[in-house]
Amino acid sequence: MQALRDFVAGRRLFVLTGAGCSTDSGLPDYRDGAGGWKRKPPIDFQTFMGGELARARYWARGLVGWRRFGQAQPNAAHRALAAMERDGGIALLVTQNVDGLHQAAGSRAVLDLHGRMTDVLCTACGWRGPRAHWQAQLEALNPGWAGLDAPDAPDGDADLDGLDFAGFAVPGCPHCGGIVKPDVVFFGELVPRERYERAMAALDEADAVLVVGSSLMVHSGYRYVKEASQRGLPIAAINLGRTRADDLLGLKVEQSCAQALGALCRAQV
C-alpha cells in the first residue's frame with residue numbers, strides 16, 4: 001500500500017477500469033484469476049443481429065438481470081476514484097464497464113469505452129431511448145417472464161437457460177421497427193473512433209497509468225497500456241489475478257479494488 005501511495009502521489013493519472021472495479025457492488029465479472037473465462041463468453045454482434053431467437057434469448061435474460069443490475073450502487077473503489085479526480089489526480093478515467101457506477105459516484109472525466117447499459121439504440125435508424133423504458137416494454141409484452149429469477153451474470157445478464165425463448169416477444173424500434181440493442185459495444189464491434197482518439201489524447205496529459213480491476217485480456221483496453229509502456233509511462237495495476245500486461249507493470253497490488261483504493265483514500269485524508 002505504501003508503494004501504491006508513492007505511485008499516485010503528485011501524479012496525473014490515466015486510469016483504466018474493468019469489471020473487478022464493480023464486483024464489490026454485487027456485479028459479477030467475466031474472468032478467473034488466470035484470466036480465463038468463468039462462463040460462456042457474452043453474445044457477439046453477429047449472433048445478436050443474425051436471428052430472432054438469439055435476440056429473444058438475450059432480452060429475456062436481460063429482463064431478469066436488469067432488475068438487480070439497474071439498482072447497483074457505487075462501492076469504495078468508485079468513490080475513491082471520484083475523490084482522486086476532485087483532487088486533480090486523474091486526467092481521464094477510461095472504463096471498460098457499462099454500468100455507469102463511476103458517474104454515480106461523482107466522477108466526471110469518464111470515457112465509457114464500451115458504452116453504457118442505461119440506454120438502448122436502433123441499429124437501423126440510430127434512435128436512442130432509456131433502458132428503463134425498454135425494460136417496461138419487455139415486461140408488458142412478456143408478463144409470464146417478469147416473475148422469473150436466475151443467478152446474476154455480468155453486464156445485466158442472467159443465467160436464464162433451459163427455456164423456450166421462441167415465445168418471448170421483443171419490440172422493434174418505435175420509429176422504424178428496426179432491431180434495438182443496448183448502447184454498448186458487443187464483441188465483434190469496434191470501439192467508436194472518437195473514443196479511441198480521446199483516450200489516446202489523454203495519455204499525452206498523463207504522468208502514469210493505473211489499471212483498476214482489469215485482466216486486460218480484451219485488446220480494446222490493453223492497447224492503451226501497451227501504448228503507455230512504449231511511451232515510457234509508469235504503469236501500476238490493482239487486480240486479483242493475472243493480467244495480460246503483467247510484464248509491463250512497475251507495481252501490482254493483488255487486492256480487491258474497493259479494499260486497496262478505499263485504504264489509499266483513507267490514508268490521504
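**Close-up 1. A salt bridge within helix H7 of the predicted model.** At 43% relative accessibility, glutamate 197 counts as partly exposed. Its partner, arginine 193, is exposed at 52%. Their side chains meet in a salt bridge, 3.1 Å from N to O. Both belong to helix H7 (residues 193-205), where a spacing of four residues puts about one helical turn between them.

**Close-up 2. Salt bridges around arginine 61.** A search of the whole structure finds 13 salt bridges. One of them pairs the side chains of arginine 61 and aspartate 159 (3.7 Å, N to O). Arginine 61 sits in helix H3 and aspartate 159 in the loop between H6 and S6, 98 residues apart. Arginine 61 is buried, with a relative accessible area of 7%; aspartate 159 is partly exposed, at 32%. Shared partners join Arg57, Arg61, Asp157, Asp159 and Asp161 into one network.

**Close-up 3. The salt bridge between strands S5 and S6.** Arginine 128 and aspartate 183 meet through their side chains (3.1 Å, N to O). Arginine 128 lies in S5 and aspartate 183 in S6, so the pair ties together parts 55 residues apart in sequence. Arginine 128 counts as exposed at 51% relative accessibility, aspartate 183 as buried at 14%.

**Close-up 4. The buried side of helix H6.** Arg131, Trp134, Gln135 and Leu138 are buried. They lie on the same side of H6 because they cover an arc of only 105° around the axis. These residues pack against helix H3 and strands S4, S5 and S6. Exposed Ala132 and Ala140 are on the face turned away.

**Close-up 5. The second largest pocket.** This pocket holds about 210 Å³ of space. Of its 15 lining residues, Glu52, Arg55, Ala56, Val170 and Pro171 are the closest to the centre. H3 gives the most to the lining, with five residues. The lining divides into 11 nonpolar, two polar and two charged residues.

Conventions
Residues are numbered from 1 along each chain as its sequence is written. This is a predicted model: local features need pLDDT of at least 70, side-chain atom pairs count only at pLDDT 80 or more; totals for chains, interfaces and linings use all residues. Side-chain values use heavy atoms; hydrogens and water are left out. Buried means under 20% relative accessible area, exposed over 50%, partly exposed in between (1.4 Å probe, protein chains only). Helices (H or I, at least four residues) and strands (E, at least two) are DSSP runs, numbered from the N terminus. The arc is that of the directions from the helix axis to the C-beta atoms. Contact means heavy atoms within 4.5 Å. On a 1 Å grid over the protein atoms alone, a cavity is a set of points where a 1.4 Å probe fits but cannot get out, and a pocket is an open set with protein on both sides within 12 Å along at least five of seven lines; lining residues have an atom within 4 Å of a point. Grid points are joined across faces, edges and corners, and a volume is the space filled by probe spheres set on the points. Ala, Val, Leu, Ile, Met, Phe, Trp, Tyr, Cys and Pro count as nonpolar, Asp, Glu, Lys and Arg as charged, and the others, Gly among them, as polar. A salt bridge is a side-chain nitrogen of Lys or Arg within 4 Å of a carboxyl oxygen of Asp or Glu.
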